[in-house]
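Hi,

Here is the structure I promised to pass on. Have a look at it first, and then read my notes underneath.

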Amino acid sequence: MHATRALSVRSGDRHAVTPSRALDHLVTQVAADRDRTAFVALFDHYAPRVKALLIRGGASPSAAEELAQETMLAVWRKAHLFDPARASAAAWIFTIARNLRIDSLRRGSPSLYDLDLNLGAEDPAQPDAILSGVQDAAQVRAAMRSLNADQAQAIEMAFFQEQTHTEISQALGVPLGTIKARIRFGMMKLRVFIERDKGGAA
Amino acid sequence: MSLRRQPSEEQLLAYTAGTLSFPEAIVVATHLSLRPETRAWTELATAVGGAVLEDQAPSPIDAGVRDDLLSRLDAPAAPQAAARPPTADAALPAPLDRFALGPWRWLGPGVQVRDVLGTKVGDCRVILLKIASGQSTPLHTHQGVELTCVIDGAYETHDGVFARGDFEDADPNVTHQPRVVSKEPCLCVAALDGQIRLPGMLGRLLAPFVRL
C-alpha cells in the first residue's frame with residue numbers, strides 16, 4: 001500500500017495533481033508505527049530534492065548530500081512533531097533542512113528557528129496565526145503558478161541567496177525597489193489566492 | 001492586510017527562507033515571538049518553501065547513502081544543544097533568551113546598551129538598548145540596517161508610538177531620535193550596521209570613549 005503510493009508520487013511530473021496528502025500520510029505513519037517502508041518512500045522522494053535545493057543555495061554536492069541525510073534522520077526522529085493540520089510534509093521537511101543548513105553555517109550559535117519546527121506540537125493555541133490552506137501543498141503550488149513570471153522568480157530566488165535583495169537585484173539587473181515590490185505583491189497575491197480558494201471549503 | 005509595525009513581506013520571506021542575515025533574523029524572530037499574528041506570513045512563506053522544494057529536479061543520491069542512513073536510524077541522538085549560557089537572560093523573549101550577553105554599558109543620560117554576543121556578521125550586530133522614561137535615544141547610524149523590536153515599554157517617533165512587539169525598519173537617511181513615552185524604561189533589541197553616532201555636543205565629547 002505505502003509502496004504503491006510512493007511510486008505514484010515519484011513518477012508524477014511537477015504539474016500533475018500531486019497526491020500531496022499521501023506524502024503527509026507517510027510522515028504520520030513514520031510517527032505512529034516507526035514505519036521503515038514509509039520512511040524509505042519519503043527518503044526517495046525528498047532527499048534528492050533537499051540535496052538539489054541546498055546545491056542551488058551554494059552548498060557543495062558532498063555537503064548538500066550530508067545535510068540531506070541529516071535532514072532525513074531528523075524527519076525520522078521528529079516525525080511526532082509533524083502536524084498535517086499546520087503544514088504539508090514538503091513545508092515541514094523544508095523547515096528542517098533550512099534549520100540544519102543555518103546551524104551548520106553558524107556552528108555554536110544558538111538556534112533561532114527551532115521554535116518554528118516545534119510550533120505545531122507545542123503551540124496549538126494560536127489559531128489566528130494559521131493561514132488556512134497553506135497545509136495543502138498542491139494548492140500552494142497552484143497559487144505559485146497564478147503569479148506572473150517576475151513575481152514568481154523574485155520569490156523563488158529569495159530561497160537561494162544570502163542577502164537576498166541586493167544579490168537578486170544585481171543578478172537580474174533590476175533595481176532593488178522593483179525586486180522588493182515584486183516580492184511584496186507576489187506574497188500578497190498568494191495570500192489572497194489561498195484565502196479565497198479556501199474560503200467556502202472547510 | 002498590509003503590514004503595520006511588522007517586518008515587510010520580503011523580510012519575512014527572507015527570514016523564512018533562511019537567507020536573511022543572522023542579526024536581522026534575530027530581531028525578526030523576537031518580533032514573531034511577541035506578535036504571533038505575523039506568523040500568518042511566515043507560514044505562507046514556509047508553504048512556498050515546501051513548493052520550491054517539491055519543484056526541485058532531484059539530485060541523485062547513491063543507494064548506499066540511503067542504506068547507511070537506515071542502519072543509523074535507531075542509534076541514540078547526539079546530546080541536545082548546550083545549556084543556556086550563564087550571562088543569558090531567561091526573562092527575555094525567545095530567541096534572545098538563549099544568547100550570552102555583554103555587560104550593561106552607560107551610553108548617555110538614561111541610556112544603557114549591552115551586546116548580544118555571538119551575533120556579529122561583518123559590521124552588523126545585535127544589541128539591547130534600555131532607555132529611561134522621557135529620554136531620547138541620542139543615537140543613530142547613517143549606514144545600512146537598523147532594525148528594532150520593542151520588548152518592554154514604548155517610544156514615539158515622527159511615525160507614532162512603538163510598543164511591545166512593534167518592529168521598526170529605520171530609514172538610515174533620517175535622523176532617528178525616538179523618545180520613550182512609557183512610565184517604565186523602554187527595552188529594545190536592535191540590529192545595527194556600522195558605527196552609531198551620538199549627535200551634538202555630547203557625541204563630540206564622548207566619541208573618543210564610547211564605541212558601539
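**A helix in chain A with one buried face**

In helix H8 of chain A (residues 149-157), the buried residues are A:Gln151, A:Ala154, A:Ile155 and A:Met157. Looking down the axis of H8(A), you'll find that these buried residues fall within an arc of 170°, so they line one face of the helix. The general background is that an α-helix has 3.6 residues a turn, so residues three or four places apart point the same way. Before going further, please keep in mind that this is a predicted model.

**Two helix pairs**

One pair in each chain caught my eye. In chain A, take helix H4 (residues 61-78) and helix H5 (residues 89-105): their axes come within 9 Å and cross at roughly 125°. That angle makes H4(A) oblique to H5(A), and the crossing is right-handed. On the H4(A) side the contact uses A:Leu67, A:Glu70, A:Thr71, A:Ala74 and A:Val75, and these meet A:Ile93, A:Ile96, A:Ala97, A:Leu100, A:Arg101 and A:Ser104 of H5(A). Sorted by class, the residues in this contact are seven nonpolar, two polar and two charged.

In chain B, the pair is helix H1 (residues 9-17) and helix H3 (residues 39-54), which pack at an angle of about 55° with their axes 9 Å apart. H1(B) and H3(B) are therefore oblique to each other, and H1(B) passes H3(B) in a right-handed crossing. H1(B) makes the contact through B:Glu9, B:Leu12, B:Leu13, B:Tyr15, B:Thr16 and B:Ala17, while H3(B) brings B:Trp41, B:Thr42, B:Ala45, B:Thr46 and B:Gly49. Here the split is six nonpolar, four polar and one charged.

**Chain B overall**

Stepping back to the whole of chain B, there are five helices and nine strands. Along the sequence they run α-α-α-α-β-β-β-β-β-β-β-β-β-α. Chain B has 212 residues, and buried ones make up 41% of them. Of the contacts in chain B with a separation of 6 or more, 63% are between residues 24 or more positions apart.

**Where the chains meet**

How many residues of chain B are in contact with chain A? The count is 49 residues of chain B, against 59 residues of chain A. On the chain B side, the elements that give two or more residues are H1, helix H2 (22-34), H3 and helix H4 (63-72). H3(B) gives the most, with 13 residues. The side of chain B that touches chain A divides into 28 nonpolar, 11 polar and 10 charged residues.

A good place to look at this from the chain A side is A:Leu190, which sits in helix H10 of chain A (residues 176-199). Is A:Leu190 buried or exposed? It has 26 other C-beta atoms within 10 Å, and 20 or more is the cut-off, so A:Leu190 is buried. Setting aside neighbours within four places in sequence, A:Leu190 is in contact with A:Ala143, B:Leu44 and B:Val48. The C-alpha atoms of A:Leu190 and A:Val140 are separated by 8.0 Å, although these two residues are 50 residues apart along the chain.

**Backbone details to check**

Three spots in the backbone are on my list.

- The peptide bond from B:Ala94 to B:Pro95 is cis, with omega near 0°. B:Pro95 is in the loop between H4 and strand E1 (105-108) of chain B.
- A:Arg34 is not a glycine, yet has a positive phi of about 50°. The loop between helix H2 (20-33) and helix H3 (36-56) of chain A is where A:Arg34 lies. With 13 C-beta neighbours inside 10 Å, A:Arg34 counts as partly exposed.
- B:Arg5 also has a positive phi without being a glycine, at about 55°. B:Arg5 belongs to the segment before H1 of chain B. With 19 other C-beta atoms within 10 Å, B:Arg5 is partly exposed; a residue needs 20 or more to be buried, so B:Arg5 stays outside that class.

That's my list for now.

Cheers

Methods:
Residues are numbered from 1 along each chain as its sequence is written. Chains are lettered from A and ligands numbered from 1 in the order in which they are written. This is a predicted model: local features need pLDDT of at least 70, side-chain atom pairs count only at pLDDT 80 or more; totals for chains, interfaces and linings use all residues. A residue is buried if 20 or more other C-beta atoms lie within 10 Å of its own, exposed if 12 or fewer, and partly exposed in between; C-beta atoms are placed from the backbone. Helices (H or I, at least four residues) and strands (E, at least two) are DSSP runs, numbered from the N terminus. The arc is that of the directions from the helix axis to the C-beta atoms. Axes are lines fitted to C-alpha atoms, for helices over the stretch in contact, and angles run from 0 to 180 degrees between N-to-C directions. Angles under 35 degrees count as roughly parallel, over 145 as roughly antiparallel, 65 to 115 as roughly perpendicular and the rest as oblique. A crossing is left-handed if the near helix is turned anticlockwise from the far one by less than a right angle, and right-handed if clockwise. Two residues are in contact if their C-beta atoms, placed from the backbone, lie within 7 Å. Ala, Val, Leu, Ile, Met, Phe, Trp, Tyr, Cys and Pro count as nonpolar, Asp, Glu, Lys and Arg as charged, and the others, Gly among them, as polar.
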